[in-house]
Amino acid sequence: MSSFSEEQEALVVKSWGSMKKDAGEWGLKFFLKIFEIAPSAKKMFSFLKDSNVPLDQNPKLKIHAKSVFVMTCEAAVQLRKAGQVVVRGSTLKKMGATHFKYGVVDEHFEVTKYALLETIKEASPEMWSVEMKNAWGEAYDQLVSAIKTEMK
């Protein structure tokens, strides 16, 4: 695990601070980007399978998207302080089991990373930089590494 620097932490904390109040909106945009890049990913979500509700209006997707976005951002914000990825309760084990059950593979994580970075770029355009992209990328990679450990 590579280290997460003080500078990276500051960039993540600052940008998350600006997105937090609209986390539901940004979470939904994040998931809509995932589905735009990989439409087949919709099949991995049981609550979308038989739904005729447009994605951007689906209440279950909105709730899921917000919780995933918030968890991802909160994990990134505390990464340096904790020295590792920390997610509330048994969530990391549960996430590993769920990702394993649904057959999540490296390509899925790559699409998700791209969608996350694009969402953060859109949410904080005035702060966006190569350094910020790298900071969020590193935080995401460490979260994915922790999830993959639980998938085994």
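Buried means under 20% relative accessible area, exposed means over 50%, and partly exposed lies in between. The views below come from a predicted model.

**View 1. Ser51, a loop residue between α3 and α4.** Ser51 has 25% relative accessibility. That value falls between the two cut-offs, so Ser51 counts as partly exposed. Gly27 sits 24 residues away from Ser51 along the chain. The C-alpha atoms of Ser51 and Gly27 are separated by 19 Å.

**View 2. Ser124, a loop residue between α6 and α7.** The loop follows α6, residues 106-123, and leads to α7, residues 130-151. Ser124 has a relative accessible area of 0%, so it is buried. Which residues does Ser124 touch, not counting those up to four places away in sequence? They are Ser15, Ser18 and Met19.

**View 3. Helix α2, residues 23-37.** This helix has 15 residues. From its first C-alpha to its last, α2 reaches 21 Å, close to the 21 Å expected at 1.5 Å a residue. Its buried residues include the aromatic names Trp26, Phe30, Phe31 and Phe35. Ala23, Gly27, Leu28, Lys33 and Ile34 of α2 are buried too. The cover over the buried residues of α2 includes α1 (6-19), α3 (46-49), α4 and α6.

**View 4. The buried residues of helix α6.** The 18 residues of α6 should span 26 Å at 1.5 Å a residue. The end C-alpha atoms of α6 are 26 Å apart, which agrees. Phe109, Thr112, Lys113, Ala115 and Leu116 are among the buried residues of α6. Leu117, Thr119, Ile120 and Ala123 are buried as well. What covers the buried residues of α6 includes α1, α2, α4, α5 and α7.

**View 5. Leu116 in helix α6.** Is Leu116 buried or exposed? Its relative accessible area is 0%, so Leu116 is buried. Leu116 touches Phe30, Phe69, Thr72 and Tyr140, leaving out residues up to four places away in sequence. Phe30 is itself one of the buried residues of α2. Phe31, also buried in α2, is 85 residues from Leu116 along the chain. Yet the C-alpha atoms of Leu116 and Phe31 are separated by 8.6 Å.

**View 6. The two faces of helix α5.** Helix α5 covers residues 91-101, and its buried residues are Leu92, Met95 and Gly96. Seen down the axis of α5, these buried residues fall within an arc of 100 degrees, so they line one face of the helix. Residues three or four places apart point the same way, because an α-helix has 3.6 residues a turn. The face of α5 turned away from the buried side carries the exposed residues Lys93, Lys94 and Lys101. What covers the buried residues of α5 includes α4 (59-82) and α7. Just after α5, Gly103 takes a positive phi of about 75 degrees.

**View 7. The crossing of α5 and α7.** The axes of these two helices come within 7 Å and cross at roughly 70 degrees. That makes α5 roughly perpendicular to α7. From α5, the contact is made by Leu92, Lys93, Met95, Gly96, Ala97, His99 and Phe100. From α7, the contact is made by Leu143, Ala146, Ile147, Glu150 and Met151. The residues of this contact divide into eight nonpolar, two polar and two charged.

**View 8. Glu150 in helix α7.** At 27% relative accessibility, Glu150 counts as partly exposed. Leaving aside neighbours within four places in sequence, Glu150 is in contact with Leu92, Lys93, Gly96 and Ala97. Glu110 is 40 residues from Glu150 along the chain. The C-alpha atoms of Glu150 and Glu110 are separated by 18 Å.

**View 9. Met151 in helix α7.** At 12% relative accessibility, Met151 counts as buried. Leaving aside neighbours within four places in sequence, Met151 is in contact with Gly96, His99, Phe100, Val104 and Phe109. Val104 is 47 residues from Met151 along the chain. The C-alpha atoms of Met151 and Val104 are separated by 9.4 Å. Phe109, another of the contacts of Met151, is a buried residue of α6.

Definitions and conventions. Residues numbered from 1 in each chain as written. Predicted model: local features only at pLDDT ≥ 70, side-chain atom pairs only at ≥ 80, totals over all residues. Heavy atoms only, no water. Helix = DSSP H or I, 4+ residues; strand = E, 2+ residues; numbered from the N terminus. Buried < 20%, exposed > 50% of the residue type's maximum accessible area, 1.4 Å probe, protein only. Contact = heavy atoms within 4.5 Å. Arc of directions from axis to C-beta. Axes fitted to C-alpha atoms, helices over the stretch in contact; angles between N-to-C directions. Parallel < 35°, antiparallel > 145°, perpendicular 65-115°, else oblique. Nonpolar A, V, L, I, M, F, W, Y, C, P; charged D, E, K, R; others polar. Expected span 1.5 Å × (residues − 1).
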